[in-house]
2 protein chains.
Amino acid sequence: MKLTILGSGAATPTLKRGVTAQYLNFNERRILIDCGEGTQLQVRRYGVKFQRIQYIFISHLHGDHYLGLVGLLSSMNLLGRVNAMHIFAAPELELILKQQFELTYVKLNFELIFHHLTAKTTTLVLEDKVMTVKAIPLKHRISCYGFLFEEKIKERGVDPEAIKEFDLTIPEILALKAGKDVMRGEITMPNEDATFDPPKPKSYAFCTDTKYLTRLVDEIQGVDYLYHEATFLEKEKDRAKATFHTTALQAATLAKAAQVGHLLLGHFSARYRNTDELLSEAQSVFPNTTCVYDGQEFYLAKNN
Amino acid sequence: MKLTILGSGAATPTLKRGVTAQYLNFNERRILIDCGEGTQLQVRRYGVKFQRIQYIFISHLHGDHYLGLVGLLSSMNLLGRVNAMHIFAAPELELILKQQFELTYVKLNFELIFHHLTAKTTTLVLEDKVMTVKAIPLKHRISCYGFLFEEKIKERGVDPEAIKEFDLTIPEILALKAGKDVMRGEITMPNEDATFDPPKPKSYAFCTDTKYLTRLVDEIQGVDYLYHEATFLEKEKDRAKATFHTTALQAATLAKAAQVGHLLLGHFSARYRNTDELLSEAQSVFPNTTCVYDGQEFYLAKNN
C-alpha cells in the first residue's frame with residue numbers, strides 16, 4: 001500500500017512543484033486523487049503505471065485540481081485503454097469532459113462512469129471487498145470534498161501449526177477465519193487457540209482545499225496518514241481564512257486532536273521558497289509531520 | 001525578433017519534449033502559437049514573460065495543441081492580467097473555454113476576443129502597422145490551420161549625412177522615407193541619393209499538423225523560417241498519410257521547392273529516441289534544416 005505524491009504545489013505549477021495529484025495503491029486498488037495540469041507527465045516522471053488506474057477522485061473544480069484530466073484520459077485512449085474508468089467528482093465535470101470530447105471529436109474506447117459528489121454530509125461513495133471510500137464535504141470557495149480511504153478488517157489468520165496438529169478441515173478453517181469456534185462433538189476449540197489477529201486496517205485521509213475545519217477531527221479520527229493542505233503559515237491566517245485555506249499550524253492542530261499516525265502537508269503557496277518554516281510550525285504541535293515533495297512515496301503498509 | 005520553442009513533441013508530453021507551443025516576438029508583437037498541456041510551465045522554464053502575450057493562435061483542437069489554454073489563462077488571471085487577449089482558433093474553442101470558466105466559477109478580469117478560423121482558403125486574419133498574419137488551411141483529421149507571419153516593408157532609411165549636408169527639413173525627410181524625391185525649386189534631389197533600402201521584411205510560417213501538402217509551396221514561398229511538422233521518417237510514409245502527418249523528407253521537399261531560408265522540424269513521434277535520422281533525411285534534400293528542441297531560440301532578425 002503506497003502513496004505517491006505527483007504534485008504538491010498550489011494554484012499554478014512551478015519548476016519545483018506540480019499542482020495537486022496523488023497516486024494511491026490501496027490494497028491493489030489503483031487510485032488517482034486530483035489531477036492538476038501536467039499530471040500525465042508526473043505519472044511518467046515518477047514511474048506510475050497509469051493505465052492501471054481504476055478510480056479517479058477529484059476534490060473540486062479549481063484548475064490546479066482537475067485540468068490534467070482531459071489530457072490524461074486522451075493519452076490513456078491513445079495508448080489503447082479499454083477498461084472503464086470511474087470518476088468521482090462534482091457533476092459539472094461530466095459536462096465539461098463530455099462537451100470537450102464531443103467538440104474535439106475524441107471518441108474514447110473506454111467507458112467513463114461518473115459518480116456525482118453532491119452530498120452535504122460525509123457519505124460512503126465506494127465500497128468493495130477490501131475497502132470503503134467516504135467523501136467528506138470541506139469548506140472552500142466552491143464545492144469541495146476530502147476523501148477517506150479505509151481498509152476493511154481482514155479475516156483472522158489461522159495458525160499453520162494448529163491446522164497440522166488438529167488436522168483441521170476446510171470448513172473448520174473457514175469458521176476460524178470468520179472468528180467462530182470449532183466444534184467437534186462435545187469438544188470446543190476456542191477460536192483464539194488457533195488464530196491470530198488480522199493486521200490492523202489501514203486508512204488514509206486526503207483533505208484539500210479547505211478553510212480550517214474543526215469538525216474534521218471526528219471525521220478522520222485515528223487515520224494512519226492524513227494529507228492536509230497547508231497553503232499558508234500561521235502569520236498569514238487572515239489570508240488563509242479569506243481564501244478558504246488552512247495554515248500549517250491549524251493542520252497540525254487537527255492532526256493532534258484527531259490522533260492521526262502521520263501528517264503530510266502540501267499545497268504550499270508558491271510564496272514560500274522552502275518548507276522549513278511550515279514544517280517547524282506544524283511540528284511544534286504535531287511532531288510526526290512531513291512537508292511532501294513531488295515524487296515522494298509513503299508506504300502505508302508493508303505488504304506491498 | 002525571436003522564436004522560442006516551448007514544446008516540440010507530438011501527441012503526449014514526455015520527459016524530453018513538451019507538446020506543441022511556440023512563443024514568437026514578431027516586431028514587438030508577443031504571440032503564442034499553440035498551447036498544449038503544460039505550456040504555462042514551459043513559459044516559466046524558458047523565461048518567457050507570458051503576461052505580455054497579446055495574441056494566441058491555435059492551429060487545431062487536438063489536445064496536444066490546446067489543452068494548456070485554460071490553465072494559462074487562469075494563471076494570467078490569478079497574476080493580475082487586465083489586458084485583453086486575442087484568440088484565433090476554431091469556433092468550438094470559444095464554447096469550450098466559456099463553458100469551462102462558467103461551470104468552474106472562474107471570472108476572468110480581462111477580455112477574451114475570439115477570432116474564428118473557418119475559411120477554406122488562405123485568409124488574412126490580423127493586420128496592423130507592422131505585420132500581417134494569414135491563416136492557411138492545412139489537411140488534418142480535423143479542421144487545422146498554419147499561420148504565416150509577415151513583416152510589412154518598412155520606410156526607407158534617410159542618410160544622416162545627407163540630412164546635415166542639405167539641411168533637410170522634416171517634410172523633406174518624411175517624403176524621402178516614403179520613397180519620394182525632394183524638390184527645391186528647379187532642383188530635384190533623387191530619392192536614391194539620400195536614402196538606403198529598408199531591411200528586407202522578415203517572415204515566419206508555422207505549419208502543423210498536416211498531411212504532405214504540395215500546395216503549401218506557393219503559400220510559403222520564400223519565407224525566412226518555416227516550421228513544419230515531421231512526425232515520421234519517410235519509411236513510415238504510409239502511416240504518415242493515414243494519420244494526416246508529414247515525413248521529414250516531405251517537409252524538406254516543400255522547403256526546397258518554396259526556397260525558404262531555414263527549415264525547422266518538430267512534432268516528432270515519441271517512437272524516435274533522437275532526431276539523427278529525421279535530420280539526415282531532411283538535410284539530404286534541404287541542408288539548412290534544424291530539428292528543434294524545447295527551449296531552443298531562433299533570432300529572425302538582429303534588431304531584438
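## The edge pairing of β18 in chain B

In β18(B), the residue B:F298 is the bridge partner of B:L3. Strand β1 of chain B (residues 2-7) is joined to β18(B) by 3 bridges, and the two run antiparallel; strands here are DSSP E runs of at least two residues, and helices are H or I runs of at least four, numbered from the N terminus. This is a predicted model, in which local features need pLDDT of at least 70 and side-chain atom pairs count only at pLDDT 80 or more, while totals for chains, interfaces and linings use all residues. Residues are numbered from 1 along each chain as its sequence is written, and side-chain values use heavy atoms, with hydrogens and water left out.

## The sheet and helix α4

An open sheet of 7 strands in chain B follows the order β6-β5-β4-β3-β2-β1-β18, with mixed pairing, where two strands pair if DSSP finds at least two bridges between them. Because β6 (112-116) and β18 (297-299) of chain B stand at the edges with a single partner strand each, one side of each is left without a neighbour in the sheet. From one strand to the next, the twist averages 20°.

Helix α4 (residues 91-103) of chain B lies across β5 (85-89) and β6 of chain B, running at about 150° to β6(B); axes are lines fitted to C-alpha atoms, for helices over the stretch in contact (heavy atoms within 4.5 Å), and angles run from 0 to 180 degrees between N-to-C directions.

## A:H140

In chain A, A:H140 is found in the loop between β8 (131-137) and β9 (145-151). Its relative accessibility is 8%, so A:H140 counts as buried (under 20% relative accessible area, 1.4 Å probe, protein chains only). Leaving aside neighbours within four places in sequence, A:H140 is in contact with residues including A:H60, A:H62, A:D209 and A:H245.

The side chains of A:H140 and A:H62 are joined by a polar contact of 3.4 Å, a pair of N or O atoms within 3.5 Å of which, within protein, one must be able to donate a hydrogen and the other to accept it, residues adjacent in sequence counting only if both atoms are side-chain atoms.

Terms used. Chains are lettered from A and ligands numbered from 1 in the order in which they are written. Buried means under 20% relative accessible area, exposed over 50%, partly exposed in between (1.4 Å probe, protein chains only).
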